[in-house]
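The following paragraphs offer a guided reading of one protein model. Please keep the sequence and the coordinates in view while reading.

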Amino acid sequence: MKNTTKKPAFIPAMYCSLLGHDYQVTKKVTNHVKEYTCKNCKKQLTTNSNGDLIELTSKFKEINATLERVYNKKMERANEKVMSNSVY
Ligand SMILES: [Zn+2]
């Protein structure tokens with residue numbers, strides 16, 4: 001019978017639990033919603049509709065992708081309006 005070898009235990013997540021996560025903005029979805037990734041453990045967060053930071057699950061990735069599309073459309077439209085107004 002073999003003993004299972006123990007791996008050296010430098011786990012980034014442990015480092016984070018001791019010192020806290022080191023989040024960086026990785027994506028700007030809208031003016032209010034951003035996505036963050038921890039430099040150490042690669043944990044991802046996002047802003048929800050209340051402005052709280054929550055874990056970026058695949059469900060929220062989808063929501064953010066939709067938000068981003070809608071937001072970009074809105075911005076395009078707003079720009080078009082300004083353009084046509086200034087042309088007029
Ligand atoms: Zn972390």
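What share of the contacts in the protein chain with a separation of 6 or more is accounted for by residues 24 or more positions apart? In this predicted model, such residues account for 25% of those contacts.

The overall architecture is a suitable place to begin. The protein chain contains 2 helices and 4 strands, and from the N terminus on its elements follow the order α-β-β-β-β-α. Of the 88 residues in the protein chain, 5% are buried.

The strands deserve attention next. An open sheet of 4 strands is formed in the order E1-E2-E3-E4, and the pairing is antiparallel. Strand E1, residues 23-28, and strand E4, residues 53-55, occupy the edges; each has a single partner strand, so one side of each remains without a neighbour in the sheet. On average, neighbouring strands of this sheet are turned by 35° against each other, direction ignored. As general background, strands of a sheet pair through backbone hydrogen bonds, in either a parallel or an antiparallel manner.

The pairing of E1 with E2 can be followed residue by residue. Strand E2 covers residues 34-38 and pairs with E1 in the antiparallel sense over 5 bridges. Within this pairing, Gln24 has Thr37 in E2 as its bridge partner, while Lys27 stands opposite Glu35 in E2. The connection from E1 to E2 is a hairpin through 5 residues. E1 is also hardly covered, since the count of buried residues among its 6 residues is 0. In a regular strand, side chains alternate between the two faces of the sheet.

Beyond E2, the loop that leads to strand E3, residues 44-47, includes Lys42. What is notable about the phi of Lys42? The angle is near 65°, a positive value in a residue other than glycine. For comparison, most residues other than glycine have a negative phi. Is Lys42 buried or exposed? Lys42 has 9 other C-beta atoms within 10 Å and is therefore exposed, the cut-off for that class being 12 or fewer.

Taken together, these points describe an antiparallel open sheet in the order E1-E2-E3-E4, set in a chain that runs α-β-β-β-β-α from the N terminus on. Along one edge of that sheet lies E1, and the loop between E2 and E3 holds Lys42, a residue with a positive phi.

Methods: Residues numbered from 1 in each chain as written. Predicted model: local features only at pLDDT ≥ 70, side-chain atom pairs only at ≥ 80, totals over all residues. Pairing = 2+ DSSP bridges. Axes fitted to C-alpha atoms, helices over the stretch in contact; angles between N-to-C directions. Buried ≥ 20, exposed ≤ 12 C-beta atoms within 10 Å, placed from the backbone. Contact = placed C-beta atoms within 7 Å.
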